[in-house]
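Biologist: Could you walk me through how one reads the contacts inside a chain and between chains? I'd like to begin with the picture in view.

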Protein chains: 2
Amino acid sequence: MSRHEDPAASLAVAGLSCPVPANEGDRVLLGHGSGGKLSAALIRDRFLPRFANPALAVLGDGAIVELGSERFAISTDTFVVSPLEFPGGDIGLLAVHGTLNDVAMMGAEAVCLSCGFVLEEGLPLEVLDRVLDSMSAAAAEAGVPLVTGDTKVVERGKADGLYVNTTGIGRLRQDFTPAPDRARPGDVVLVSGPIGRHGIAVMSVREGLGFEVEVESDTAHLGPLVTALHQTCGAGVRSLRDPTRGGVASALNEIAGASGVGISLEGTAIPVPGAVNAACEVLGLDPLYVANEGVLIAIVAPESEAAALAALRSFAVGEGAVRIGVVQDGPGGMVTMRTGLGGSRVVDMLPGDQLPRIC
Amino acid sequence: MSRHEDPAASLAVAGLSCPVPANEGDRVLLGHGSGGKLSAALIRDRFLPRFANPALAVLGDGAIVELGSERFAISTDTFVVSPLEFPGGDIGLLAVHGTLNDVAMMGAEAVCLSCGFVLEEGLPLEVLDRVLDSMSAAAAEAGVPLVTGDTKVVERGKADGLYVNTTGIGRLRQDFTPAPDRARPGDVVLVSGPIGRHGIAVMSVREGLGFEVEVESDTAHLGPLVTALHQTCGAGVRSLRDPTRGGVASALNEIAGASGVGISLEGTAIPVPGAVNAACEVLGLDPLYVANEGVLIAIVAPESEAAALAALRSFAVGEGAVRIGVVQDGPGGMVTMRTGLGGSRVVDMLPGDQLPRIC
């Protein structure tokens, strides 16, 4: 968090011999990892021009590739959450749920996972054991085998205990390809449950805050909800997204931008638990930007609304599913929200980081 | 490298609330990442029992899974090399070559790659650009698209500039499944070129050593060599391995152990560049344990020896291919080497780390 310290120190440790740039704008900032505008610019300006290919150009949660006679979704995610353990979960649960959810949001059924660990020298093996137990339990519950892995170790003081990458492969269903660019005017915006719990659960431990009501992370596998949406609504499902880094606001901005539509939210309909609201007030956060790990946003055709809500509500994790807004002609790429007082405000994508190291 | 500092400091940063174990044996050691005995024990005791499944049980460089109507190889690898740039390459080249080579060693043709970055706040964007240029060039040269990625940012002082995970998927060829457990008595042991260059290249920069002759990393994509071995020798190719962490000695020990055979090396036949030998003497290292990133070991049937050597030598990177030993009945799991003086010694797997953070 010491963003204004002398950068030469850590670079000397890394053994880099390159000249040190003159200003902060030439360096990686924490906000580049936030899932907001800076993240988007980093991907757009540095990654996409170098790796241009049809699969990468689709800016969803992963890529679609043909393997043999079928199409598969591939998604990769590295988890650097700090602390490693928090109310309701740990980095192992997140690493399995997060990548399975990214695969699910592409409309695919997960087939297998890989994992790659960076372990910090000195990490208690009992902590590693607990994280591995979590990963094992989450993978078993989802019925998705973890088929291969890799382990590297770095010196004390690096890696905050451990980082873990998971990469998932999922089989795409025929005629079911929800994508960020498929929202159409008239569609409705559904959310599968109360928002903001994961981010607040992590922040409460990190900041040592003792809230009256403990907030637990919502981390959960959302694949079964997507299967139910597919079975009940089929092509009526336009876009699916799990609003992790950057929260509901960033996910909806991405969809509005990719589809060239406006999204109008009904502020009073958005389900925010009281304890999340209270914590957000203390921390100066907006729940719309707080990370979730067990919530999905579904943009569905208006005629699919009732069936989609019923499908989501048939799961414990989706029992709080509600409609929170509608898709409109315009203004293109913009998310707005009607407030309880009858006014309206723009829900922009954040430029940088509200909550670093949240997943 | 400060292995004996008070471990509580870094754990407090990580926010862990678990009790601190009483002794060093309950913690992750640098040697757990070495590719030697400690690495093997970590995988055997902690990972395998929790993630038991048929794909994971094969201890090769990755997993074999059925996707649709075909079988695919999946391999994942996280790169934490320090420094990020070294003679002959950088972490980006390694990340693409390393995973492509793991896929190739399973006998598969690479189809696509994913990448997951952990960036350190303050990393000069020009360094990131150079690493991405390397990855882009290596992927393009191999003809394998990088289809999806993820970027996280951690605070200054973490991650040594950047870590990167790559995961690769490759299509398995029909009737071509080289594996560590397929070596048979009478087979011959081939190496595709001079050994020890990658490890020495990295160590020379890290330790600030000015050797008279600069050693460059051998980092290279070995897929074309495997394709040629498949075309010329088919099932005569028993086992393939790229001897990275832990070097030739560890790779051969794994094959000897998995196949239950003995491997006898001819010490004078092993190609070690003079500059590598000289650097190893200064550093107190044995070239057999130094990492390579552009060398493969092939165990082939005796009748395939000539064709395999010709196939390897048809590539610039394989022009130094030679036979370095033979597979014997026993002693099972043991690698021995005849020395120039007519003696013989055991080439054991190292217990811990000779060179940490080498890939």
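Modeller: Gladly. In this predicted model, 21 residues of domain 1 of chain A are in contact with 22 residues of domain 2 of chain A. Domain 1 covers 60-172 and domain 2 covers 180-346, and their centres, taken over C-alpha atoms, are separated by 23 Å.

Biologist: How much area do domain 1 and domain 2 of chain A bury between them?

Modeller: About 1700 Å², with 62% of it on carbon and sulfur atoms. On the domain 1 side, A:P87, A:N101 and A:M105 lose the most area to domain 2, together 34% of what that side buries.

Biologist: And how many salt bridges and polar contacts are there between these two domains?

Modeller: The salt bridge count is zero, while seven residue pairs are in polar contact, both residues being at pLDDT 80 or more.

Biologist: Which element gives the most to the side of domain 1 that touches domain 2?

Modeller: That is α4(A), with nine residues. Both β3 (85-86) and α4 (91-105) of chain A supply at least two residues each to that side. By class, this side of domain 1 has ten nonpolar, eight polar and three charged residues.

Biologist: Now for the two chains. How should I think about their relation?

Modeller: Two copies of a chain are related by a rotation about an axis and a shift along it. Here, a turn of 180 degrees and a shift of 0.0 Å along the axis lay chain B on chain A with an RMSD of 0.0 Å. That is the relation of a two-fold axis. In chain B, the C-alpha nearest the axis belongs to B:K158, 2.4 Å from it.

Biologist: What share of the contact residues of chain B recur in chain A?

Modeller: The share is 100%, so the same surface serves both copies. Chain B and chain A each bring 99 residues to the contact. Between them they bury about 8500 Å², 60% of it on carbon and sulfur atoms.

Biologist: How many salt bridges does the rule find across the interface of chain B and chain A?

Modeller: There are 14. One example joins the side chains of A:R50 and B:D129, at 3.6 Å from N to O. The interface also has 32 residue pairs in polar contact, both residues at pLDDT 80 or more.

Biologist: Which helix of chain B gives the most to the side that touches chain A?

Modeller: Helix α5 (residues 125-142) does, with ten residues. In all, the side of chain B that touches chain A has 48 nonpolar, 25 polar and 26 charged residues.

Terms used. Residues are numbered from 1 along each chain as its sequence is written. Chains are lettered from A and ligands numbered from 1 in the order in which they are written. This is a predicted model: local features need pLDDT of at least 70, side-chain atom pairs count only at pLDDT 80 or more; totals for chains, interfaces and linings use all residues. Side-chain values use heavy atoms; hydrogens and water are left out. Copies are superposed by least squares on the C-alpha atoms of residues with pLDDT of at least 70 in both. Contact means heavy atoms within 4.5 Å. Buried area is the accessible area (1.4 Å probe) that two parts lose on being put together, summed over both. A salt bridge is a side-chain nitrogen of Lys or Arg within 4 Å of a carboxyl oxygen of Asp or Glu. A polar contact is a pair of N or O atoms within 3.5 Å; within protein, one must be able to donate a hydrogen and the other to accept it, and residues adjacent in sequence count only if both atoms are side-chain atoms. Helices (H or I, at least four residues) and strands (E, at least two) are DSSP runs, numbered from the N terminus. Ala, Val, Leu, Ile, Met, Phe, Trp, Tyr, Cys and Pro count as nonpolar, Asp, Glu, Lys and Arg as charged, and the others, Gly among them, as polar. Domain bounds come from an automatic or database domain assignment.
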